[in-house]
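Here is a small set of exercises to work through with the coordinates open beside you. Try each task on your own before you read its solution.

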Amino acid sequence: MSHSHQHIYDVCKDHMHAYVLIELVDGSSVDGIITGLDHESVYLAVPIEAHEQHHSHMQQGHSQHHRQFGYGYPGYGGPGYGYGGYGYPPNRFRRLILPLTALAALSILPWY
């Protein structure tokens, strides 16, 4: 492992579970939470934009009536009855795996 590769690995390890901005060698950047790390890759939970959340949720076959805090459990008393809705909350993050060799810089971001 080269010195620069080891340095990027150490920086990612020091900031595990932190919200970061990663700049890549191609000039692009991505923000996310470091969720994992190995000697080849860094694993991120990347926030999904609001318009992507709705689209992703609909693609999975869920409608607004089956969301958490929805109209009730389908088939159990009908809409408006039951326990306030069982279902799946929308995804808020997607997983992104980046090779450590693609990282140029890493900055800590505030949570707000």
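The exercises below go from the overall fold to single residues, and they concern a predicted model.

**Exercise 1. The fold in outline**

Task: Work out how many helices and strands the protein chain has, and in which pattern they follow one another.

Solution:
- Step 1. Start with the count: the secondary structure comes to two helices and five strands.
- Step 2. Now read along the sequence, and the pattern is α-β-β-β-α-β-β.
- Step 3. Turn to burial: of the 112 residues in the protein chain, 29% are buried.
- Step 4. Finish with the contact map. Taking contacts between residues at least 6 apart in sequence, 56% join residues at least 24 apart.

**Exercise 2. Laying out the sheet**

Task: Find the order of the strands in the sheet and name its edge strands.

Solution:
- Step 1. Take the pair β1 (residues 19-24) and β2, which run antiparallel and are joined by five bridges. Within this pair, L21 stands opposite D31 in β2.
- Step 2. Move on to β2 and β3, whose antiparallel pairing has four bridges. Here G36 stands opposite Y43 in β3.
- Step 3. Add the pairing of β1 with β5, also antiparallel, over five bridges. I22 faces L106 of β5 in this pair.
- Step 4. Put together, five strands form an open sheet with the order β4-β3-β2-β1-β5 and antiparallel pairing.
- Step 5. The edges are β4 and β5, since each pairs on one side only.
- Step 6. For the twist, neighbouring strands of this sheet are turned by 45° against each other on average, direction ignored.

**Exercise 3. Two hairpins**

Task: For the hairpins that β2 forms with β1 and with β3, state how many residues lie between the strands.

Solution:
- Step 1. The hairpin of β1 and β2 has four residues between its strands. In this hairpin, check the backbone of G27: its phi is positive, near 95°.
- Step 2. The hairpin of β2 and β3 has three residues between the strands.

**Exercise 4. The two sides of a helix**

Task: Decide which residues of α1 are buried and which are exposed, and explain where the buried ones sit around the axis.

Solution:
- Step 1. Begin with the geometry. Helix α1 covers residues 3-14, 12 residues in total, and spans 16 Å from its first C-alpha to its last, close to the 16 Å expected at 1.5 Å a residue.
- Step 2. List the buried residues of α1: H5, I8, Y9, V11 and C12. These residues lie on the same side of α1, because they cover an arc of only 165° around the axis.
- Step 3. A general rule helps here: an α-helix has 3.6 residues a turn, so residues three or four places apart point the same way.
- Step 4. Look at the other side of α1, where H3, K13 and D14 are exposed.
- Step 5. Ask what the buried side meets: its residues pack against β2 (29-37), β3 (41-47) and β5 (103-108). The direction of α1 makes about 25° with that of β5.

**Exercise 5. Inside the core**

Task: Identify the residues with the most contacts inside the largest nonpolar core, and the element that gives the most to this core.

Solution:
- Step 1. The largest nonpolar core has 19 residues, and those with the most contacts inside it are C12, I22, V42, L44, L98, L100 and L103.
- Step 2. The elements giving two or more residues to this core are α1, β1, β2, β3 and β5. With four residues, α1 gives the most.
- Step 3. Take L103 as an example. Apart from neighbours within four places in sequence, its contacts are I8, C12, I22, E23, L24, V25, V42 and L98.

**Exercise 6. Two residues to classify**

Task: Are H5 and A102 buried or exposed, and what do they touch?

Solution:
- Step 1. H5 belongs to helix α1. Its relative accessibility is 15%, so H5 counts as buried, the cut-off being under 20%.
- Step 2. Beyond neighbours within four places in sequence, H5 is in contact with H39, L100 and T101.
- Step 3. A102 is in the loop between β4 (93-99) and β5. At 18% relative accessibility, A102 counts as buried.
- Step 4. Not counting residues up to four places away in sequence, A102 touches E23, L24 and V25.
- Step 5. As a distance check, the C-alpha atoms of A102 and I22 are 9.7 Å apart, with the two residues 80 residues apart along the chain.

How values were computed. Residues numbered from 1 in each chain as written. Predicted model: local features only at pLDDT ≥ 70, side-chain atom pairs only at ≥ 80, totals over all residues. Heavy atoms only, no water. Expected span 1.5 Å × (residues − 1). Buried < 20%, exposed > 50% of the residue type's maximum accessible area, 1.4 Å probe, protein only. Arc of directions from axis to C-beta. Contact = heavy atoms within 4.5 Å. Pairing = 2+ DSSP bridges. Core = buried A, V, L, I, M, F, W, Y, C linked by side-chain atoms within 4.5 Å. Axes fitted to C-alpha atoms, helices over the stretch in contact; angles between N-to-C directions.
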